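Trainee: Please take me through one part of this protein in close detail. I would like to see how a single element sits among its neighbours.

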Amino acid sequence: MYRIIEARTVGLNMKQFVVEAPRIARKERPGQFVILRLHEKGERIPLTIKASDPEAGTITIVAQSIGKTTSLLNCLETGDSILDIVGPLGRPSEIENFGTVAILAGSVGTAMALPTAHALKQIGNRVFFIEGARSREMVLFEDEVREASTDAYFMTDDGSFGEQGLVTKKLTELIQSGIKIDFVLAVGPVPMMRAVADLTRPLGIKTMVSLNSIMVDGTGMCGGCRVVLGNETKFACVDGPEFDASQVDFDVLRQRNAMYRDKECRSLEQFKAHKDEELAELRAELARKEQEIAKLHSEIAATANDAAQIDLEEKHYV
């Protein structure tokens, strides 16, 4: 059981959770993710770790309500619990002194990119952070983006915040201004990452993209997150989630990303029709689990006390 220490809304249909997970907090590295499950019959979903606090024993994750499970997760509040969290999983981001780095993130992808941006800036890189969103209400973590970067830019589709346009527009402007970009990381929707790759590939700029959105079980066993890189097939969960953008077959990626969309839509509609009942059932199941855990701890403590008493009696007898 992983207790939620803090839950708060951070954007339209987006929520941030600070969760007790001390072992994960001690091991986490930028770019890694966790797999969580809300109840015993629930699906497993990947979420990138936004931050960790080893001293407090907590990790921070951000979820956007897209499907049934993320919508149910975002119904939870401070004091609730998550049944299972496994991690940290995946290969950490490349943290090197590249020189000048551009981080491009789309809305909730900002949470995924922040740890890497922080780490790259910390070791001396000049970090341009370009966050894109549809509108002002979808812009996330403005202050944290500024803190994690040397220069921060915000692009919105409607021009309601920052500049109007796509993140690739700003990257193009930076390149055309004569700034030499040595490394690019793009995290967000597949069309955005593809557009970034199409821009940087002819220029020979090393570019990585995060493909965690296509992951399923997070262990490489289901095969649902297969990624085609040139003539090779990789798994996003165990070989990634970050890959060389110039090698990714985005046509295959788009097809795989849409594979379960119809089923996901039907599941979401069913959830919306029974939201209150499902939330009540989830909380009831978690309460039963907490009682079982408390009982188990009590039994373990009683056994330990009995063993200690027997040891004392044996020493007295001797």
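Mentor: Take helix 5 in this predicted model. Its buried residues are Val167, Thr168, Lys170, Leu171 and Leu174. These residues span an arc of only 160° around the axis, so they lie on the same side of helix 5. An α-helix has 3.6 residues a turn, so residues three or four places apart point the same way.

What do the buried residues of helix 5 pack against? Four strands and a helix are the partners: strand 8 (100-106), strand 9 (126-133), strand 10 (151-156), strand 11 (163-164) and helix 6.

Now the helix pair. Two packed helices are described by the angle between their axes and the distance between the axes. Helix 5 covers residues 167-176, and helix 6 covers residues 190-200. Their axes come within 10 Å and cross at roughly 20°. Helix 5 and helix 6 are therefore roughly parallel to each other. Their crossing is right-handed.

Next, the residues in that contact. Helix 5 supplies Val167, Thr168, Leu171 and Thr172. Helix 6 supplies Met192, Ala195, Val196, Leu199 and Thr200. By class, the contact has six nonpolar residues, three polar ones and no charged ones. Val167, Thr168 and Leu171 are among the buried residues of helix 5, and they also meet helix 6.

After helix 5 comes Gly178, with a positive phi near 105°.

For context, the protein has ten helices and 16 strands. Of its 318 residues, 46% count as buried. The C-alpha trace spans about 85 × 50 × 40 Å along its principal axes.

Note on methods
Residues are numbered from 1 along each chain as its sequence is written. This is a predicted model: local features need pLDDT of at least 70, side-chain atom pairs count only at pLDDT 80 or more; totals for chains, interfaces and linings use all residues. Side-chain values use heavy atoms; hydrogens and water are left out. Axes are lines fitted to C-alpha atoms, for helices over the stretch in contact, and angles run from 0 to 180 degrees between N-to-C directions. Helices (H or I, at least four residues) and strands (E, at least two) are DSSP runs, numbered from the N terminus. Angles under 35 degrees count as roughly parallel, over 145 as roughly antiparallel, 65 to 115 as roughly perpendicular and the rest as oblique. A crossing is left-handed if the near helix is turned anticlockwise from the far one by less than a right angle, and right-handed if clockwise. Contact means heavy atoms within 4.5 Å. Ala, Val, Leu, Ile, Met, Phe, Trp, Tyr, Cys and Pro count as nonpolar, Asp, Glu, Lys and Arg as charged, and the others, Gly among them, as polar. Buried means under 20% relative accessible area, exposed over 50%, partly exposed in between (1.4 Å probe, protein chains only). The arc is that of the directions from the helix axis to the C-beta atoms.
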